[in-house]
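The following report walks through a single protein model, moving from charged pairs to strands and then to the surface. Please keep the sequence and the structure in view while reading.

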Amino acid sequence: MDVVIVKNYIEMSKYAAGLVGECIKERDQPVIGLATGGTPIGMYQLLVRQYRAGLLSFKHVRTFNLDEYIGLEPAHAKSYHRYMQEHLFSHVDIPPDQTFLPDGIAHNLRMECRRYEKLLKKIGPPDLQILGIGENGHIGFNEPGSDLDSGTHVVRLAASTRKANARYFQSLENVPTHAITMGVKSILRSKKIVLLASGDRKAEAVRRLLEGNPDPDFPASALYQHPNVTLIADEKAFYS
Ligand code: GLP
């Protein structure tokens, strides 16, 4: 795992946006794996800025998101569908039918997981997968103790994750209890992985990650199985 330490959130966002921009420019039909949460918002803002400046086009890009909450309509203010519209898709020239997210309101969730995994195999794997990290070491919504050998699946969110994400909702009760997530196995198929970590809230997770011990109770440790992972951490996430 390569480790890049940058000064702050802005520098982390610039570095990540640079890697995404490069990947898009180098390929005719790039496939990018996208993450949600607070961490990649700055990266998305910079990508939108590059698009507006005429430096980048998303016309031929296909995107796969890691996860979606179960039970939230795509238009729901806190769904990841809506997040992607607000932070990236509605601001750039990506055709809507080239953006893929799991459907959190599918009637048959098991079939939806299978559909998504198949699509990932057919169109993907991503040339570049962006990841954040949960304070408990989750990637996507692969929670501690989950099967690290799984494809897209339904998960029950850990109490700690619901608590951490309550800041995005009106209250803890409003945070969904379940989600669909790409599995660790699906994530590891990506050609390159970039893991972002910013702020002292992530320092403990970064410290544990860099111990390098494979540990099913710390899903991000599975990234050591992949030959091309770069962690971009800001000073607060690295030194706190
Ligand atoms: C969320 C997402 C993850 C994200 C992580 C960290 O719940 N499912 O993909 O990386 O938790 O979120 P944040 O960046 O808001 O700290």
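Glu 86 counts as partly exposed because its relative accessibility is 40%, where partly exposed is the class between buried, under 20% relative accessible area, and exposed, over 50% (1.4 Å probe, protein chains only). The side chain of Glu 86 meets that of Arg 82 in a salt bridge, with 2.9 Å from N to O; a salt bridge is taken here as a side-chain nitrogen of Lys or Arg within 4 Å of a carboxyl oxygen of Asp or Glu. Both residues belong to helix H3 (residues 80-87), where they lie 4 residues apart, about one turn of the helix. Arg 82, at 30% relative accessibility, is likewise partly exposed. Helices (H or I, at least four residues) and strands (E, at least two) are DSSP runs numbered from the N terminus.

The model is a predicted one, in which local features need pLDDT of at least 70 and side-chain atom pairs count only at pLDDT 80 or more, whereas totals for chains, interfaces and linings use all residues. Residues are numbered from 1 along each chain as its sequence is written, and side-chain values use heavy atoms, with hydrogens and water left out.

**Salt bridges**

The structure holds 12 salt bridges, and three of them are set out below.

| Pair | Closest N to O | Relative accessible area |
|---|---|---|
| Arg 82 and Glu 86 | 2.9 Å | Arg 82 30%, Glu 86 40% |
| Arg 27 and Asp 127 | 3.3 Å | Arg 27 32%, Asp 127 7% |
| Arg 208 and Asp 215 | 3.1 Å | Arg 208 32%, Asp 215 24% |

Side chains of opposite charge can pair when their charged atoms come close. The bridge between Arg 27 and Asp 127, with its closest N and O atoms 3.3 Å apart, links distant parts of the chain, since Arg 27 sits in the loop between helix H1 (9-26) and S2, while Asp 127 sits in the loop between helix H4 (109-123) and strand S6 (128-131), 100 residues apart. Asp 127 is buried, whereas Arg 27 is partly exposed. These two residues also belong to a network of salt bridges that links Glu 26, Arg 27, Asp 127 and Lys 191. In the pair formed by Arg 208 and Asp 215, Arg 208 is partly exposed and Asp 215 is partly exposed.

**Parallel strands around S3**

Strands of a sheet pair through backbone hydrogen bonds, either parallel or antiparallel; in this report two strands count as paired if DSSP finds at least two bridges between them. Strand S2 (residues 31-34) runs parallel to S3 and is joined to it by 4 bridges, with Gly 33 standing opposite Phe 64 in S3. Between these two strands the chain passes through helix H2 (residues 41-52), in a β-α-β crossover that is right-handed, a term that applies if, with the strands pointing away from the viewer, the path from the first strand over the helix to the second runs clockwise. S3 also pairs in the parallel sense with strand S5 (residues 99-100), over 2 bridges, and there Phe 64 stands opposite Phe 100.

In a regular strand the side chains alternate between the two faces of the sheet. Strand S3 (residues 62-65) is covered on both faces, with Arg 62 and Phe 64 buried on one side and Thr 63 and Asn 65 buried on the other. Val 31, which lies in strand S2, is also buried, with a relative accessible area of 4%. By contrast, Arg 52 in helix H2 counts as exposed at 60% relative accessibility.

**Antiparallel sheet**

A further topic is the open sheet of 3 strands, whose order is S4-S8-S7 with antiparallel pairing. Strand S4 (67-69) and strand S7 (153-156) stand at its edges, each with a single partner strand, so one side of each is left without a neighbour in the sheet. S4 pairs with strand S8 (residues 178-181) over 3 bridges in the antiparallel sense, and Asp 67 has Thr 181 in S8 as its bridge partner.

**Surface**

Which residues form a nonpolar patch on the surface? They are Met 1, Val 3, Ile 5, Leu 210, Tyr 224 and Tyr 239, with about 510 Å² of accessible area together. Patches are made of residues with over 30% relative accessible area and no salt bridge, like charges being joined within 9 Å and nonpolar side chains (Val, Leu, Ile, Met, Phe, Trp, Tyr) within 5 Å; accessible areas come from the Shrake-Rupley method with a 1.4 Å probe, and for residues only the protein chains shown count as cover. Tyr 224 is found in the loop between helix H7 (203-211) and strand S10 (229-234) and, at 33% relative accessibility, counts as partly exposed.
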